[in-house]
Amino acid sequence: MKLPETSLNTAEMKVNGIVKTTRDAAEIGDEHVGTSRETPLKADAFEMDEEVKMDKIAYHFGEIMDIMGLDLTDDSLRGTPDRVAKMYIKEIFNGLNPENLPEVKLFENKYNYKEMLVEKGVTVHSHCEHHFVPILGQAHVAYISNGYVIGLSKINRIVRHFSKRPQVQERLTEQIAAELKRVLKTDDVAVIVDAKHMCVSMRGVEDTSGSTITSHYGGVFQTNNQKRVEFLKYIEMD
Ligand SMILES: [Zn+2]
């Protein structure tokens, strides 16, 4: 796994015995910018066993709850650290592990279908990597076959895989597009993500009406305006 390229300067300081890097909150702030198309992962991200990861997360999440003053002996709270750990590793962030990338079988385009195929309204359930709160929305995807087609559900699975990571919406859009281009062996791919960020609605400016739209137009979707308009018409966003 490639390490992220970042132009941010980092400096370490110790606060109450804990090493902190001064970039993070101080430099990125609430701007919701990502630093690269690849998810910033450590080189040894998947060397630790998943069971060990869950034990460690449960321990540390329990510490967070304890620091906040919650009584972990309470029946309702006792299992929360374990539940959160399992949810992180097995569910909402299982798209971090490349082993979980959906396998996609290519079929020959026997119908000789030459128009665009649009899959609209694909569920996006992701999490903002700056606040670890949900990003909820939809993805609209189009491609034009280069002689190959894939099962429709594979598009949903690819969207879901990259959503199940701590994300920024721009990167999510680019990662979905890049994977579709790779498996379909064509650049003629368009992706639009329209999503609401809970970190904008539940905190910060607390705006509940706005949503964020990001797009990627590859191949003919970039060079041929008509194709783009046709796609937008199908998803009723033009
Ligand atoms: Zn956020």
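Which residue of β5 does Met-116 stand opposite? The points below take up this pairing and its surroundings in what is a predicted model.

1. Met-116 faces Ile-144 of β5, and this pair belongs to a broader arrangement in which strand β4, covering residues 116–128, and β5 are joined by ten bridges and run antiparallel. Elsewhere along these two strands, Val-122 stands opposite Ala-139 in β5.

2. The link between β4 and β5 is a hairpin, with five residues lying between the two strands. In this turn, Phe-132 is worth a look when the backbone is inspected, as its phi is positive, at about 55 degrees.

3. Strand β5 itself, residues 134–144, is mostly covered, with eight of its eleven residues buried. Besides its pairing with β4, β5 is joined by nine bridges to strand β8, residues 189–197, and these two strands also run antiparallel; within that pairing, Ala-142 has Ala-190 of β8 as its bridge partner.

4. Taken as a whole, the sheet is open and has five strands in the order β7-β4-β5-β8-β9, with mixed pairing. Because β7 (166–167) and β9 (212–217) stand at the edges and each has a single partner strand, one side of each is left without a neighbour in the sheet.

5. Helix α5 packs on this sheet and touches β4, β5, β7, β8 and β9, while its direction makes about 150 degrees with that of β8. Helix α8, residues 225–234, likewise packs on the sheet, where it touches β4, β5, β8 and β9, and its direction makes about 70 degrees with that of β4.

6. Helix α5, residues 169–184, also meets helix α4, residues 152–163: their axes come within 9 Å and cross at roughly 140 degrees. Angles over 145 degrees would count as roughly antiparallel, so at this value α4 is classed as oblique to α5. The crossing of the two helices is right-handed.

7. On the α4 side, the contact is made by Ile-158, Val-159, Phe-162 and Ser-163, and on the α5 side by Leu-172, Gln-175, Ile-176, Glu-179 and Leu-180. Sorted by class, the residues in this contact of α4 with α5 are six nonpolar, two polar and one charged.

Conventions:
Residues are numbered from 1 along each chain as its sequence is written. This is a predicted model: local features need pLDDT of at least 70, side-chain atom pairs count only at pLDDT 80 or more; totals for chains, interfaces and linings use all residues. Axes are lines fitted to C-alpha atoms, for helices over the stretch in contact, and angles run from 0 to 180 degrees between N-to-C directions. Helices (H or I, at least four residues) and strands (E, at least two) are DSSP runs, numbered from the N terminus. Angles under 35 degrees count as roughly parallel, over 145 as roughly antiparallel, 65 to 115 as roughly perpendicular and the rest as oblique. A crossing is left-handed if the near helix is turned anticlockwise from the far one by less than a right angle, and right-handed if clockwise. Two residues are in contact if their C-beta atoms, placed from the backbone, lie within 7 Å. Ala, Val, Leu, Ile, Met, Phe, Trp, Tyr, Cys and Pro count as nonpolar, Asp, Glu, Lys and Arg as charged, and the others, Gly among them, as polar. A residue is buried if 20 or more other C-beta atoms lie within 10 Å of its own, exposed if 12 or fewer, and partly exposed in between; C-beta atoms are placed from the backbone. Two strands pair if DSSP finds at least two bridges between them.
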